[in-house]
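Reader: I'm new to this one. Could you show it to me and then explain how the labels are earned?

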Amino acid sequence: MDITIKNVRKTFADFPALTGVDLHIESGELIALLGPSGSGKTTLLRALAGLEPIDAGQILFGATDATNLSVQARKVGFVFQHYALFKHMTVAENIAFSLSVREGKTRPTSAEQKRRASELLELVQLKGLEKRYPAQLSGGQKQRVALARALAIEPRVLLLDEPFGALDAKVRKDLRRWLRELHDKTGVTTVFVTHDQEEALELADRVVVMSRGRIEQVGTTAEVYEQPATPFVFDFLGSVNLLAGEVQNGKLRLNGLSLPTDSQLSGPVDVYVRPHDLRLVEQTSDGLDARIISVQRTGPLVKAVAALAHDASKMDIELGHLDPMALALKPGTAVRLLPVSFGLFARTPHAEVQTLPDVVPNAVPEQRGDRARA
Amino acid sequence: MSILEDKSLQDPPAIPAIFHGGPLIQTNAAITEPAWVRWLLIAIALGFLSLFLLLPLAAVFTEALRDGFGTYLTALKEPDAYSALKLTLLAAAIAVPLNLVFGVAAAWCISKFEFRGKQLLISLIDLPFSVSPVVAGLVYVLIFGAQGWAGSWFAEHDIKVIFAVPGIALATIFVTFPFIARELIPLMQEQGTDDEQAALTLGATGFKTFWRVTLPNIKWGLLYGVLLCNARAFGEFGAVSVVSGHIRGQTNTLPLHIEILYNEYAFAAAFAVASLLAGLALITLLLKSLLEWRYADQLAASRRH
């Protein structure tokens, strides 16, 4: 089922959570809504499910207008951040819940309900846990049960709110891979919310980067990472160095250094360079002179901070630990840096990229982030 | 990737044996007090408990049986005592279910929805806790009494409220108003609305969500609230005393009957009836313990997070 979102707006008290969002989601796609807290990603997800009424705009499921459809009628599978499994029901009862609440003749017999539950449990690789209570499951198992329960309604769309937020790193990785496989198997249109850029890039077909209730960029994982449309996207997807430059006649001038660019801009620009796109070059070639301040190795990466000779601004550098240049990185060494890939944006008053505060008075409890449940 | 490597499939760590079936108190010299301090503290706590809780309870039963079992039985068999018992049970039977419905509705409303005037409603629920029961009784006399605002209308239609069963029921309802709501509100606030929203996305109607998800979640808190409410309904003295009129055999509840007997120096009879009231309370407690024992597993499962 494809979904069309047209100019959706939502305001909590006087906090604008969604300020005109347009998005089209293809049938069978796996899409990530990525953004910092308060960017409106969860509100958008909840609006899709019908859990959050919207102030204006339209939500279409296929060709039918779902804007005013009740939560129940939307047939949307929703997996909550803290799973929201029913504590007093066994795993099998949880999964069969949607079948057992059907009205009258459409309700399957209890034998049929049990069969469906074990079928779904097999799909999420938890066969044999039918009789357990949620309190007897690990985080990863709960997540799978929540998914199986959502799939039991044969949803038109599957919505996941921070699906891996409450799990530890190792479990998160396994579950991520598993979710991708499950999606490829079932083919249900899936939207998930995350604030973790790595998660979004690794799992999704397309990524929707959101900030302050707006969509900053929609694109494949390669597009948003390699051609960020706005400084915000550049900054949010990984770390970034900011340099002041100037574009003249198709050339970027950076303190004497001249680099070719196909940018249409002209005049003063902000140059965004990722740490791993700064290459260390020989003293004889063109580049920016700098001096290494500190070096730190984190796993397979060697991270260094260097101060530029001309304005003393600090640059982050990242090299693979097998890179021959990595050995030369010692505090105090003079180096020459060459940006091999960069983004250019018209100069704006330099301010830190700001995100809205986490705590939103009058927002729904899920957004206040003050509850810890498992 | 083999399933064995998949960390997300792992079972939760088993709970060490000391948490179920092990010694209740583990002694660890580094974090506990010396033995004499521990025993002193335990002795103080136990002494306090016996002096203020156990001793009075025992006294009621010994005093009741002082003149022998025969006198005890006669005091209980007396028609006035019997009718007082009946009236007490009736008042509780009216007040507890009404406050059950009201309490659940109020707690549901306060914990799951945002609306203007919520704080005012919470304060209103607490009103019976802060207002003296005697004042509450007087207010009912003022409204429903012969000279009261609504009294003449009821008198015209030949409905007796004050000095009759309806008045006693009303006073009991007022006094036991907050017990269930107060028990449920913090519980339901802590539980949040995720479970209910999950049920809605799974296609459950509002009523089914309440019946299948909300109610089981608050079951134990609700039971506890009902027991507290019931105990208070049995024992209420002040408000009921004002509205009842103390008509023997008609509008006397057990606490009122005990006071009358006591004032008449019929100590054995007074304590005999008191033991009856204490007995009712003990039965309530016993019932609660039985349920807790019977459903220990469920209780543990719903409390562990």
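**How the labels are earned**

Author: Let's start with a hairpin: S1(A) and S2(A) form one with 2 residues between them, and Ala13(A) in the turn has a positive phi of about 45°. This is a predicted model, where local features need pLDDT of at least 70, side-chain atom pairs count only at pLDDT 80 or more, and totals for chains, interfaces and linings use all residues. Residues are numbered from 1 along each chain as its sequence is written, chains are lettered from A and ligands numbered from 1 in the order in which they are written, and side-chain values use heavy atoms, with hydrogens and water left out.

Reader: What makes S1(A) and S2(A) paired strands?

Author: Strands are DSSP runs (E, at least two residues; helices are H or I, at least four), numbered from the N terminus. Two of them pair if DSSP finds at least two bridges between them. S1(A) and S2(A), residues 15-25, are joined by 8 bridges and run antiparallel, so they pass that rule. Thr4(A), for one, has His24(A) in S2(A) as its bridge partner.

Reader: Which strand do 5 bridges join to S1(A)?

Author: That's S4(A), residues 56-61, again antiparallel. Here Ile3(A) stands opposite Phe61(A).

Reader: Why are Phe234(A) and Phe345(A) called an edge-to-face pair?

Author: Rings of Phe, Tyr and Trp (its six-membered ring) pair if their centres lie within 6.5 Å; planes under 30 degrees apart count as stacked, over 60 as edge-to-face and the rest as tilted. These two have centres 6.3 Å apart and planes at 90°, so both conditions are met. Phe234(A) is in helix H10 and Phe345(A) in strand S20, so the pair ties together parts 111 residues apart in sequence.

Reader: How do you know whether Phe234(A) is buried or exposed?

Author: Buried means under 20% relative accessible area, exposed over 50%, and partly exposed in between (1.4 Å probe, protein chains only). Phe234(A) has 6%, so it counts as buried. Phe345(A), at 13%, is buried too.

Reader: What makes you say that Arg149(A) lies over the face of Phe86(A)?

Author: A charge sits over a ring if NZ of Lys or CZ of Arg is within 6 Å of the ring centre and within 35 degrees of the ring normal. Arg149(A) is 4.6 Å from the ring centre of Phe86(A), so the distance fits the rule. Arg274(A) lies over the face of Tyr225(A) as well, at 4.3 Å.

Reader: Why is helix H6 of chain A said to agree with its expected span?

Author: The expected span is 1.5 Å times one less than the number of residues. For the 13 residues of H6(A), 139-151, that gives 18 Å, and the end C-alpha atoms are 18 Å apart, so the two agree. Because 12 of its 13 residues are buried, H6(A) is largely enclosed by the rest of the structure. Its buried residues pack against several elements, including helix H5 of chain A and helix H9 of chain B.

Reader: How do you know that Cys109(B) is in no disulfide?

Author: A disulfide is a pair of cysteine sulfur atoms within 2.5 Å. The nearest cysteine sulfur to that of Cys109(B) belongs to Cys229(B), 19 Å away, which is too far for a bond. By this rule the count is 0 over all chains. Cys109(B) is partly exposed at 26%, while Cys229(B) is buried at 0%.

Key. Contact means heavy atoms within 4.5 Å.
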